[in-house]
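Here is a walk through one protein model, written for someone who would rather be at the bench. Have the sequence and the 3D view open as you read.

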Amino acid sequence: MRFLALALTLVPSVAFAQVELPFEGFLTDITDLPIEGTVDVRVRLYDVPSEGVPLFDETQPGGQSAVGFFFFRIGSEENLDTSVFVGPELYIGLTIDGGDELQPRFHVGHVPFAVRALTADTSGEIGPQGP
């Protein structure tokens, strides 16, 4: 069983062709020692904190872990559709090297939900509207 201490930075990359969410963390083994080398990380996005059906699923193959620290971009391997940001909640589930999904899932804060603004369904007048 591996443990993941997370220093989470989720900021959308603004690109019209592809949305990516930078994700970083710190991996340790069961004895709390940093994991070094390459690891495969399966990333799933859900709208519930446990169980449920993934809204998005990709594997980050052979990601480097340097003295435990790792970084990758969610959406760099598979197209990340902005529709996953429509719901009120979003959670990230991670599986390291084919193991069990780490629990609990990571709750995505509100800043990445700004991705929705890139594809707003409607647009109105810009600026303050008087009486």
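## Ground rules

Two residues are in contact when heavy atoms of theirs lie within 4.5 Å. On that basis, among contacts between residues at least 6 apart in sequence, 57% join residues at least 24 apart.

This is a predicted model, in which local features need pLDDT of at least 70 and side-chain atom pairs count only at pLDDT 80 or more, while totals for chains, interfaces and linings use all residues. Numbering starts from 1 along each chain as its sequence is written, and side-chain values use heavy atoms, with hydrogens and water left out.

## How far to trust it

The score to watch is pLDDT, the predictor's confidence in each residue, from 0 to 100. Its mean over the chain is 79, and 69% of the residues reach 70 or more. Confidence is lowest in strand β1 (residues 3-5), at a mean of 51, and highest in β6, at 94. Over residues 5-15 the pLDDT is below 50, yet this stretch has 34 contacts in the model beyond near neighbours in sequence. Where pLDDT is low, the predicted coordinates should not be read in detail.

## Overall layout

What does the chain use, helices or strands? There are zero helices and seven strands, so the run from the N terminus is β-β-β-β-β-β-β, going by DSSP runs numbered from the N terminus (helices: H or I, at least four residues; strands: E, at least two).

Of the 131 residues, 35% count as buried, meaning under 20% relative accessible area; exposed is over 50%, and partly exposed is in between (1.4 Å probe, protein chains only). The chain exposes about 7,800 Å², with carbon and sulfur atoms supplying 57% of that. Those areas come from the Shrake-Rupley method with a 1.4 Å probe, and for residues only the protein chains shown count as cover.

## A two-faced strand

In a regular strand the side chains alternate between the two faces of the sheet. Strand β5 does just that: Phe70, Phe72 and Ile74 point to one face and are buried, while Phe69, Phe71 and Arg73 point to the other and are not.

Its partner here is β2 (residues 21-28), running antiparallel to β5 and joined to it by six bridges; two strands pair if DSSP finds at least two bridges between them. Across that pairing, Phe26 stands opposite Phe69 in β5.

## The greasy middle

Now for the nonpolar core, a set of buried Ala, Val, Leu, Ile, Met, Phe, Trp, Tyr and Cys residues joined through side-chain atoms within 4.5 Å. The largest one has 23 residues, of which Phe23, Phe72, Ile74, Leu80, Ile92 and Leu94 touch the most other members. Strands β2, β3, β5 and β6 each supply at least two residues of this core, and β3 gives the most, with four residues.

Outside the strands, have a look at Val84, in the loop between β5 (69-74) and β6 (91-96). Is Val84 buried or exposed? It is buried, with a relative accessible area of 8%. Leaving aside neighbours within four places in sequence, Val84 is in contact with Leu45, Leu55, Phe56 and Leu90. The C-alpha atoms of Val84 and Leu55 are 6.4 Å apart, although 29 residues separate them along the chain.

## Charged pairs

Side chains of opposite charge can pair when their charged atoms come close. Count a salt bridge wherever a side-chain nitrogen of Lys or Arg is within 4 Å of a carboxyl oxygen of Asp or Glu, and the total comes to four. One of them joins Arg42 and Asp57, with the closest N and O atoms 2.6 Å apart. Arg42 lies in strand β3 (residues 37-46) and Asp57 in strand β4 (residues 56-66), so the pair ties together parts 15 residues apart in sequence. Asp57 also bridges to Arg44, at 3.2 Å between the closest N and O atoms, and Arg42, Arg44 and Asp57 are thus linked in a network. Arg42 is partly exposed at 33% relative accessibility, and Asp57 is partly exposed at 30%.

Arg105 and Glu101 form another salt bridge, their closest N and O atoms being 2.7 Å apart. Here Arg105 is buried, at 10% relative accessible area, and Glu101 is buried too, at 18%. Glu101 is also among the contacts of Thr95, which include Asp40, Val41, Arg42 and Asp100, leaving aside neighbours within four places in sequence. Thr95 lies in strand β6 and counts as buried, at 11% relative accessibility.
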